Amino acid sequence: MCLFFYLPLNLSTIFLGGNTAFYVAWLGNFKLLLFACGEGPLSSQHSSRSLLTFVSVACLPIKIQENPPPKSQNQENQPPVIPTDQTHKSSLNYAVKGVLWAFLVVVHDYNEYIHPKIIMCLLCLHLYIFLDVVLALVAVLARTILGLELEPQFNEPHLSTSLQDFWGKRWNLMVSSILRQTVYEPTRNISTRVVGRRWSPIPAVLATFLLSAIMHEVMFYYLLRVKPTWEITWFFLLHGFCVTVEIAIKKALKGRWQLPRQISGLSTIGFVVVTSCWLFFPKPLQCRADVRAFEEYAALRAFGRGCSHAVFGRPSITRSY
């Protein structure tokens, strides 16, 4: 675990360093911690898996489906398959997101003509699309090599109807699953003895968001290499508090009344975007993380062009001959 925390310190790029920190220093270490306790995706109950599968699950942001759906179903005897967070998204879904990703990269070149608040909103969209597409590509690679069905990492967070729905069932599900096993469930079990089963989720949620805040501060240190100023911590503590308020209200109302889906959905996404622009993005923008990231995009494009010229030859040289 110490080695996994040390490795990302030797990488200075946004994409390689950031992804390595997320995959290894956070997810990998938490999986190893669960493994040491006989729990989690690496535990002995999965001992029949190969060494390659063990290493892949440990070092990549993937989770193997324990009970994958059958590839074919008898429609007369089986109910129709309803799309859920366990089904794979269509290629069209990712194609659209890929186009949006390319569009956001181009738009960044015109930032001086765009209002800063709009830039932050675009960064929210960029972060979601980047994580969704990159994690999906990693999952496709792992699925191809391992031949196993994997659970999705995102479940259309823009369709969330509450903060509890957003953080627990739609956003970055790999992290949600790991935090649920390492923090939420142990804290809830302990809290049940103190406040009872009815209210035990509240301290468990607060503890989960607190640890998530700490790990995000660590991830930002890997990316920015500056001392934390704790805006990220306040962001997650604020969301953790709001989630506990949601839980308390739902328990008090007992399902007797709820907001229309359109209103709750818009208010949820609006709250996430506003608080992200207020607390989450100012620090990386101040440290010019976005500039570094887009410089890496440009370097990658130049590298791709150089490789194509090396393989196929420069068009001007071809024409001269």
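Let's start with Arg170 and Asp165, which form a salt bridge in this predicted model. Their closest N and O atoms are 3.0 Å apart, and both Arg170 and Asp165 are buried. In general terms, side chains of opposite charge can pair when their charged atoms come close. Searching the whole structure turns up 3 salt bridges.

Next, take a look at Lys97. Lys97 forms a salt bridge with Asp132, and the closest N and O atoms there are 2.4 Å apart. Because Asp132 sits in helix α5 and Lys97 in helix α4 (residues 91–107), this pair ties together parts that are 35 residues apart in sequence. Both Asp132 and Lys97 are buried. Lys97 also forms a salt bridge with Glu156, this time with 3.7 Å between the closest N and O atoms. That second pair links distant parts of the chain: Lys97 is in helix α4, while Glu156 is in the loop between α5 and α6 (163–170), 59 residues away. Put together, Lys97, Asp132 and Glu156 are linked in a network of salt bridges. How buried are Lys97 and Glu156? Lys97 has 7% relative accessibility, so it counts as buried, and Glu156 counts as buried because its value is 13%.

Zooming out, the protein chain has 13 helices and 0 strands. Of its 321 residues, 40% count as buried. Take the contacts between residues at least 6 apart in sequence: 72% of them join residues at least 24 apart. On the outside, the chain exposes about 18900 Å², with carbon and sulfur atoms supplying 67% of that.

For one helix in its surroundings, try α3 (residues 51–59). Its buried residues are Thr53, Ser56, Val57 and Ala58. What covers them includes α2 (14–36) and α5 (116–146).

Now for the rings. The whole structure holds 22 aromatic pairs. In one of them, the rings of Phe15 and Tyr297 have their centres 4.9 Å apart and their planes at 45°, so the pair is tilted. The pair links distant parts of the chain, with Phe15 in helix α2 and Tyr297 in helix α12 (residues 289–312), 282 residues apart. Phe15 has a relative accessible area of 19%, so it is buried; Tyr297 is buried too, because its relative accessibility is 11%. Phe280 and Phe281 make an edge-to-face pair, at 5.3 Å centre to centre and 80° between the planes. With 12% relative accessible area, Phe280 is buried, and Phe281 counts as buried at 8%. These two also belong to a cluster linked by ring pairs, whose members include Tyr128, Phe154, Phe166, Trp167 and Trp171.

What about the cysteines? There are 0 disulfides in the structure. Cys124 is in no disulfide, and the nearest cysteine sulfur, that of Cys277, is 4.4 Å away. The cut-off for a disulfide is 2.5 Å between sulfur atoms. Cys124 is buried, with a relative accessible area of 14%, whereas Cys2 counts as exposed at 68% relative accessibility.

We can finish at the surface. Leu3 lies in helix α1 (residues 2–6), and at 51% relative accessibility it counts as exposed. Which residues form a nonpolar patch on the surface with Leu3? They are Tyr6, Leu7, Leu9 and Tyr221, and the whole patch has about 470 Å² of accessible area together.

Notes. Residues numbered from 1 in each chain as written. Predicted model: local features only at pLDDT ≥ 70, side-chain atom pairs only at ≥ 80, totals over all residues. Heavy atoms only, no water. Buried < 20%, exposed > 50% of the residue type's maximum accessible area, 1.4 Å probe, protein only. Helix = DSSP H or I, 4+ residues; strand = E, 2+ residues; numbered from the N terminus. Contact = heavy atoms within 4.5 Å. Patch = residues over 30% accessible without salt bridge, like charges linked within 9 Å, V, L, I, M, F, W, Y side chains within 5 Å. Areas by Shrake-Rupley, 256 points an atom, 1.4 Å probe, with all protein chains shown as cover. Salt bridge = Lys/Arg side-chain N within 4 Å of Asp/Glu carboxyl O. Phe/Tyr/Trp six-rings, centres within 6.5 Å; stacked < 30°, edge-to-face > 60°.
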